[in-house]
Amino acid sequence: MPSYTMGMASPLSELDASVGSELLDRAQSLLLEYPAVAATILVGLFAAAVGLYALRRFQRPAGTRFRDRLAELDEVAVLLHPNPDPDAMATGIGVASLAEQVDTDARVQYAGQIRHQENRAFQTVLDLDIEGIDHVSDVAAEHVVLVDHNRPRGFAGADSVLPFAVVDHHPGDGTGEAFTDVRTDYGAASSIVAEYFSDLGAKPVPPAKHESEVDADYTVPSKVATGLLYGILTDTQRLTSGCSAADFAAAGFLYPGVDEEQLDRIANPEVSTEVLELKARAIAGRDVRGPFAVSDVGRISNADAVPQAADELVQLEGVTAVVVLGERDGTVHLSGRSRDDRVHMGRTLEAAVSDVRDVSAGGHARMGGGQLSLRDGAIRTDGGDAVDREALVERLFESMSGDV
């Protein structure tokens with residue numbers, strides 16, 4: 001069989017060239033003879049090109065798309081959910097750090113209070129610059145990014161806020177005008193923000209170094225890396241519940257920048273006598289029916305002690321799902337925990353108070369919370385009927401049992 005080397009034309013290649021030339025001539029003749037066909041083909045090719053461009057933009061990593069959106073702004077307000085926990089605060093400072101790295105001024109704000117000793121320790125140890133707000137007029141910028149929740153709430157005029165972007169892991173249908181990223185399969189919103197930094201090739205800054213010493217276009221400051229890791233740990237119960245592979249990957253990515261000494265100080269704050277007493281009341285006053293428990297601790301002065309009591313109660317032997325409730329300043333606070341695959345705690349709380357006025361309730365499979373506002377000292381249904389505390393306890397048991 002003859003062989004051919006580069007630079008020598010083969011009979012086969014000459015035939016291919018001849019056929020190709022003939023086809024090209026025929027195509028040109030056809031297009032000249034039928035200009036309408038030519039126009040249709042050109043329109044089709046243009047539409048295909050536009051579609052391919054849109055598809056490639058859509059397929060760009062979320063972190064890249066979010067960065068580009070932030071870079072369009074001069075300033076942005078990053079809003080946390082009311083009474084923020086470590087995951088919310090960490091997500092907020094993470095978004096603010098990314099915004100500042102694209103020359104967008106960012107201020108982190110929240111409604112309500114930071115009372116839980118772990119939350120206070122988080123804010124104090126990391127020296128967070130976050131601001132409390134009471135009214136929509138306090139919002140620091142026209143463009144708002146919601147983190148760890150997807151609908152503005154907790155301050156007067158919240159309904160008038162149209163978010164520019166939403167970054168969340170809770171169920172809900174809230175969206176941002178320019179960017180929406182809600183991943184309910186993630187255990188923590190902090191994991192989403194950590195992934196944004198990873199998408200951009202950012203490098204976590206070791207605790208002993210300054211950001212300028214790290215050779216990278218984008219960095220994760222040590223304070224931000226420490227906060228994001230702690231946010232992941234708290235919302236996934238130390239990576240043991242309700243987490244995904246993405247949460248583990250995010251924790252691994254952040255680790256080089258984590259300050260272990262700060263992490264320990266946040267994780268082991270002093271516990272107040274008040275919280276210890278409320279935990280004792282919750283355990284002593286528990287109503288246990290099969291694997292489920294409900295404890296009404298009555299009037300409380302610290303609403304953040306309720307979820308801490310729920311954390312304790314769910315550890316009791318034989319108990320797989322619990323709800324603790326307490327009343328403060330005309331509001332009944334609910335906090336639930338579940339180790340039972342049959343009990344999705346967020347849906348359980350929603351179902352138990354589905355017909356109640358002035359209520360917010362929900363959450364994840366393993367943990368949930370809610371608040372019920374009292375009217376004339378009583379919980380009221382949409383029909384105006386009063387629901388006393390004993391009836392509320394019965395509703396909670398029925399909901400955990402799947403009877404509502």
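**A buried strand residue, a pocket and a set of salt bridges**

At 0% relative accessibility, Val332 counts as buried. This value, like the others below, comes from a predicted model. Val332 belongs to strand E12, which spans residues 331–338. Setting aside residues up to four places away in sequence, Val332 touches Leu325, Gly326, Glu327, Gly370, Gln371, Leu372, Leu374, Ile379, Arg389 and Leu392. Two of these partners, Glu327 and Arg389, appear again in a network of salt bridges that also links Asp296 and Arg299. Arg299 of this network can be placed relative to Val332 as well: the two residues are 33 apart in sequence, and their C-alpha atoms are 8.9 Å apart in space.

The network is part of a wider set, and a search of the whole structure finds 20 salt bridges. A few pairs are worth a visit in turn. Asp287 and Arg289 form one of them, with their closest N and O atoms 3.1 Å apart. Both partners are partly exposed: Asp287 has a relative accessible area of 27%, and Arg289 has one of 33%.

Another salt bridge joins the side chains of Asp341 and Arg366, with an N to O distance of 2.8 Å. Asp341 sits in the loop between strand E12 and helix H12 (345–352), while Arg366 sits in the loop between strand E13 (359–363) and strand E14 (367–373), so the pair ties together parts that are 25 residues apart in sequence. What is the exposure of each partner, Asp341 and Arg366? Asp341 counts as exposed, at 72% relative accessibility, whereas Arg366 is partly exposed, at 22%.

Asp355 and Arg395 meet through their side chains in a further salt bridge, at 2.7 Å from N to O. This pair links distant parts of the chain, 40 residues apart: Asp355 lies in the loop between H12 and E13, and Arg395 lies in helix H13, which covers residues 389–400. Asp355 is partly exposed, with a relative accessibility of 28%. Helix H13 can be read together with the network described above, since residue 389 is within its range and Arg389 is a member of that network.

Attention now turns to empty space. Rolling a probe the size of a water molecule over the atoms shows where such space is left. The second largest pocket holds about 400 Å³. Its lining is made up of 19 residues, and the closest to its centre are Ile93, Ala96, Ser97, Glu100 and Lys223. Which elements each supply at least two residues of this lining? They are helix H4 (86–101), strand E2 (105–111) and helix H7 (222–235). Helix H4 gives the most, with five residues. Sorted by class, the lining has nine nonpolar, three polar and seven charged residues.

Ser97, one of the residues closest to the pocket centre, is in helix H4. Is Ser97 buried or exposed? With a relative accessibility of 8%, Ser97 counts as buried, because the cut-off for that class is under 20%. Apart from neighbours within four places in sequence, Ser97 is in contact with Phe197, Pro221 and Val224. Val224 falls within the range of helix H7, another contributor to the lining of the second largest pocket.

Key:
Residues numbered from 1 in each chain as written. Predicted model: local features only at pLDDT ≥ 70, side-chain atom pairs only at ≥ 80, totals over all residues. Heavy atoms only, no water. 1 Å grid on protein atoms, 1.4 Å probe; cavity = no way out; pocket = protein on both sides within 12 Å on 5 of 7 lines; lining within 4 Å. Points joined across faces, edges and corners; volume = space filled by probe spheres on them. Helix = DSSP H or I, 4+ residues; strand = E, 2+ residues; numbered from the N terminus. Nonpolar A, V, L, I, M, F, W, Y, C, P; charged D, E, K, R; others polar. Salt bridge = Lys/Arg side-chain N within 4 Å of Asp/Glu carboxyl O. Buried < 20%, exposed > 50% of the residue type's maximum accessible area, 1.4 Å probe, protein only. Contact = heavy atoms within 4.5 Å.
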